[in-house]
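Visitor: I'd like a close look at one part of this structure, with the bonds and contacts around it. Could you walk me through it at bench level?

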Amino acid sequence: MARTEKLTTHQQRSQIKRLASGVAALCLASAIAGLLPTPASAADAANVADASGPTAGGDGYSAQIRRTEYGIPHIQAHDFGGLGYGYGYAFAQDNLCELADQVVTLRGERSRFLGPDAFYQGRTTNLESDTYHQGLRQAGTVRRLLDRPAPLGPTAELRQMVEGYAAGYNRYLHDTGVERLPDASCRGQAWVGPITAEDIWSLVYELNTSSGTSSLQQSIATAIPGAQAEPSAAPAAAAAPAGGPGHGPDLGSNGWALGRDVTQNQDGMLLANPHLPWSGGMRFYQVQLTIPGVMDVSGAGLYGTPVVEIGHTRGLAFTETSSFADHATLYRLPLVPGDPTSYLVDGKAVPMDRRDVRVTVRGADGTLSTVSRTLYSSRFGPVLADHWSGTYAYAVRDANAENLRSMNQWLALDRAQSLGELKQAANTYQGDPWNYTVATDATGETYFTDASNVPHVTDEQLEQCRLPELHDLPTLLDGSTAACDPGSDPDAVVPGIFGPANHPELARTDYVANSNNNPYLANASAPLTGYPSIYGTDRGLAPRPQLGLQMIADRRDGSDGLGAPGFTLPSLQATMFGDRNHGAELGRDDVVAMCRANPVLPAGDGSPVDVGAACDVLAGWSTRDDADGHGAVLWERFYRGLFRHYVDPFVRVPYDPAQPLTTPRGIKGDSVTARHALADAVQQLAKDGTALDATIGDVQRWAGIPLHGCDGTEGCFNAVEASATSGTTGAVRPADLTDAYGTGFVMATELTPAGPHTRTLLTYGESVNPGSPHYTDQTALFSKKRWVTERFTEAEIKADPCLQITRLHR
């Protein structure tokens with residue numbers, strides 16, 4: 001029979017009656033102050049357990065969940081099945097509703113329970129999402145990949161972990177009951193039920209293809225033969241300055257590995273700072289996973305993935321940032337005249353494959369019916385609705401279409417203790433779907449690589465086969481000839497991708513860094529060249545990666561005001577939350593000079609606007625996006641206007657390859673674009689009722705808590721964007737995933753001879769449930785630029801006065 005036990009240490013048993021009420025009061029007061037989690041009751045505060053390992057589970061599962069400050073779970077088990085069991089149970093305690101929502105999506109059943117017309121995550125309707133996912137399920141894609149032996153399919157240890165994870169989730173659901181779930185967003189809902197290991201593998205597949213086919217679900221699900229017009233030539237658009245951004249959600253990451261040459265103690269150090277949505281399934285969950293003598297890793301993983309993807313062991317620290325490369329390519333297919341479902345390859349007709357998909361939908365009156373759709377695919381992959389005319393169709397080839405290997409690679413990293421073991425894992429599994437890897441080890445070496453799955457399209461093929469690109473879609477190639485098919489490398493584990501010998505990589509003893517720029521400047525002193533062009537060729541940098549490299553240079557020589565040259569853990573933390581705005585650093589003074597000389601400027605609609613008061617606000621601003629920085633909101637509105645209403649070149653000093661960190665820079669005072677942008681910003685703030693000197697914390701909040709940082713396209717390293725109402729209604733199934741995004745899990749770690757010293761922050765907390773004490777407890781810390789000292793060792797975990805232990809057996 002399954003049972004849950006809460007125990008206390010032998011030492012504490014003798015003191016428990018005397019201390020219980022005092023400990024409870026301390027933990028409760030700390031929780032209210034945003035310092036520690038709230039126990040369920042005073043009695044629970046006394047349930048500080050011993051650290052003895054879980055009882056071996058035989059053929060069943062056994063695990064121990066130890067929760068420390070902010071509800072961070074430390075999972076311990078004797079085997080991988082038990083480790084997954086404890087992880088799945090702990091995750092369900094905090095986020096069952098979010099994973100249940102993902103499962104109903106991946107099963108293609110949103111329309112059955114929630115109706116066909118509602119939009120899912122602001123991208124597709126439920127019916128379109130269901131059509132896409134039912135197509136995958138009917139094709140047996142995930143099952144086929146699971147049938148492969150390792151390294152192409154999952155290892156035995158990983159299969160056990162995933163099966164245990166699903167069982168742990170189900171155990172929590174069974175013990176609690178759907179009707180008694182703590183999160184009202186799914187309490188009592190018919191779409192909540194037990195999950196299977198295949199559901200978790202489907203989630204992994206969805207994650208792996210999120211930069212390819214999964215991002216094109218609507219187009220795949222709505223494709224109708226010959227229904228659209230062939231695209232005309234795209235209108236010419238004014239180009240933004242080299243290295244300058246357009247505006248949009250800056251979804252990506254910062255990652256630094258700092259070597260012994262730039263750290264004061266000659267240790268390896270790592271900064272991890274992913275930028276992803278604060279709502280939905282792309283949130284991170286912080287956890288420690290331990291099998292004594294086998295694995296001990298601490299960090300965070302994306303929801304539903306029972307591994308740590310960003311974190312550290314005792315000897316290795318690693319993070320990931322989104323790769324600049326295309327991980328999918330489009331192919332234009334010339335159609336057989338009169339037959340829009342057949343295409344020509346080297347003059348021979350090839351019929352498209354078709355799959356009829358049936359989706360159950362719920363009507364407004366609750367009755368169920370069936371909607372049938374047909375999905376089409378080519379030898380490259382799915383055919384898209386976009387521009388499918390009587391002449392051409394367009395198909396997507398995803399380099400991750402055969403990839404479930406990512407989990408093998410992440411689990412191997414979770415056990416690795418050196419950069420050599422990290423490289424071995426990457427070369428063996430080649431599973432990283434769309435990320436750069438940034439890492440360091442205890443020797444003080446650092447390493448950067450793009451080992452992601454990139455289509456094997458050579459520079460010669462790009463020159464001969466590349467066609468004018470379609471808006472917002474991947475690289476477009478000629479599908480009429482096999483000469484444009486992706487090639488293969490002898491060291492690649494599957495056909496069609498570049499193997500390890502072609503991966504861009506750089507090893508250094510000073511640093512490697514990436515902020516979603518291409519591999520060229522992973523180190524400003526050692527430009528990386530010689531890799532295939534599909535990995536990215538632009539030499540210019542957007543403001544955020546510019547600033548990241550500049551901050552490293554400033555800390556290295558001590559010019560940033562944070563003490564003696566070289567990184568320490570405190571100076572790394574201060575650098576991360578320094579909230580510098582690089583765009584403002586390079587252009588604010590020019591804008592002030594412009595408005596001082598021209599106190600009345602024309603808005604975009606031609607009306608004159610008095611900008612004198614705005615000029616004073618900008619002149620008095622520190623150029624930092626602290627939550628209480630007056631002037632940051634005005635600059636944000638101005639900077640967005642530069643790219644939204646681009647009319648003429650406004651940059652005073654253009655991009656210079658010899659000065660990649662400081663060019664382009666400056667704002668031309670006579671630029672029509674700049675003048676319109678400032679006048680428009682003043683007008684818009686007045687229209688919104690927002691003060692000219694409003695702070696970022698006034699307009700950017702999560703559940704009412706002020707946030708610092710700004711959109712990375714402005715040049716903020718701490719990339720955060722939110723509205724004044726973000727997070728007020730929870731974080732499950734939002735209509736728009738860009739409601740809040742940016743800095744999520746932050747980790748600064750130093751690999752010392754005595755073991756890792758780490759500071760972390762999970763900005764949105766461990767739970768999506770607004771009723772949980774862990775929904776905003778760490779947001780309150782983030783608002784104040786405070787960090788959590790990680791508890792990694794047994795002694796550190798036991799020392800937590802609010803430690804709670806749950807022992808699970810099945």
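Visitor: Which residues are linked in a network of salt bridges? And once that is settled, please take me through helix 4 and the links that tie parts of the chain together.

Guide: Keep in mind that this is a predicted model. The network of salt bridges joins Glu636, Arg637, Arg640, Asp688 and Glu721. A search of the whole structure turns up 28 salt bridges, and a few of them come back below.

Now to helix 4, which covers residues 80–106. If its 27 residues made a straight helix, you'd expect a span of 39 Å at 1.5 Å a residue. Look at the C-alpha atoms at its two ends, though, and they span only 25 Å. Look at asparagine 95 as well: helix 4 bends there by about 95°.

What about its ends? At the start of helix 4, aspartate 79 puts a side-chain oxygen within 3.4 Å of the backbone nitrogen of glycine 81. Past the other end comes glycine 108, with a positive phi near 70°.

As for surroundings, 26 of the 27 residues of helix 4 are buried, so the helix is largely enclosed by the rest of the structure. Two of its residues are worth a stop, aspartate 94 and cysteine 97.

Take aspartate 94. Its partner is arginine 67, and the closest N and O atoms of this salt bridge are 3.0 Å apart. The pair links distant parts of the chain, with aspartate 94 in helix 4 and arginine 67 in strand 2 (residues 62–68), 27 residues apart. Aspartate 94 and arginine 67 are both buried.

Next, cysteine 97. It forms a disulfide with cysteine 186, and the two sulfur atoms sit 1.9 Å apart. The angle about the S-S bond is -75°, a left-handed link. Cysteine 97 is in helix 4, while cysteine 186 is in the loop between helix 8 (156–176) and helix 9 (197–208), so this pair ties together parts that are 89 residues apart in sequence. Is the link buried or exposed at its two ends? Cysteine 97 has 2% relative accessibility and counts as buried, and cysteine 186 is buried too, at 0% relative accessible area. The cut-off to hold in mind is that buried means under 20%.

That is one of four disulfides found in the whole structure. Another joins cysteine 465 and cysteine 484, with sulfur atoms 2.0 Å apart. This link is left-handed, with -85° about the S-S bond. Cysteine 465 belongs to helix 13 (residues 459–465) and cysteine 484 to the loop between strand 20 (476–478) and strand 21 (505–508), so the pair ties together parts 19 residues apart in sequence. Cysteine 465 is buried at 3% relative accessible area, and cysteine 484 is buried at 4%.

Then there is the pair of cysteine 710 and cysteine 716, a disulfide with its sulfur atoms 2.0 Å apart. Here the angle about the S-S bond is 105°, and the link is right-handed. Cysteine 710 is buried at a relative accessible area of 1%, and cysteine 716 is buried with a value of 1%.

Back to salt bridges, for two that sit outside helix 4. Arginine 379 pairs with aspartate 485, the closest N and O atoms being 2.8 Å apart. Arginine 379 lies in the loop between strand 16 (368–377) and strand 17 (392–398), and aspartate 485 in the loop between strand 20 and strand 21, so the pair ties together parts 106 residues apart in sequence. Arginine 379 is partly exposed, at 38% relative accessible area.

The other is lysine 785 with aspartate 579, where the closest N and O atoms are 2.9 Å apart. Lysine 785 sits in the loop between helix 21 (777–783) and strand 33 (788–789), and aspartate 579 in the loop between helix 15 (569–576) and helix 16 (582–597), so they tie together parts 206 residues apart in sequence. Lysine 785 is partly exposed at 28% relative accessible area, whereas aspartate 579, at 3% relative accessibility, counts as buried.

So if you go back to the view, start at asparagine 95, where helix 4 bends, then pick out aspartate 94 with arginine 67 and cysteine 97 with cysteine 186.

Note on methods. Residues numbered from 1 in each chain as written. Predicted model: local features only at pLDDT ≥ 70, side-chain atom pairs only at ≥ 80, totals over all residues. Heavy atoms only, no water. Helix = DSSP H or I, 4+ residues; strand = E, 2+ residues; numbered from the N terminus. Expected span 1.5 Å × (residues − 1). Bend = angle between axes of the 7 residues up to and from the residue. Buried < 20%, exposed > 50% of the residue type's maximum accessible area, 1.4 Å probe, protein only. Polar contact = N/O pair within 3.5 Å; in protein donor to acceptor, adjacent residues only side chain to side chain. Disulfide = S-S within 2.5 Å. Salt bridge = Lys/Arg side-chain N within 4 Å of Asp/Glu carboxyl O.
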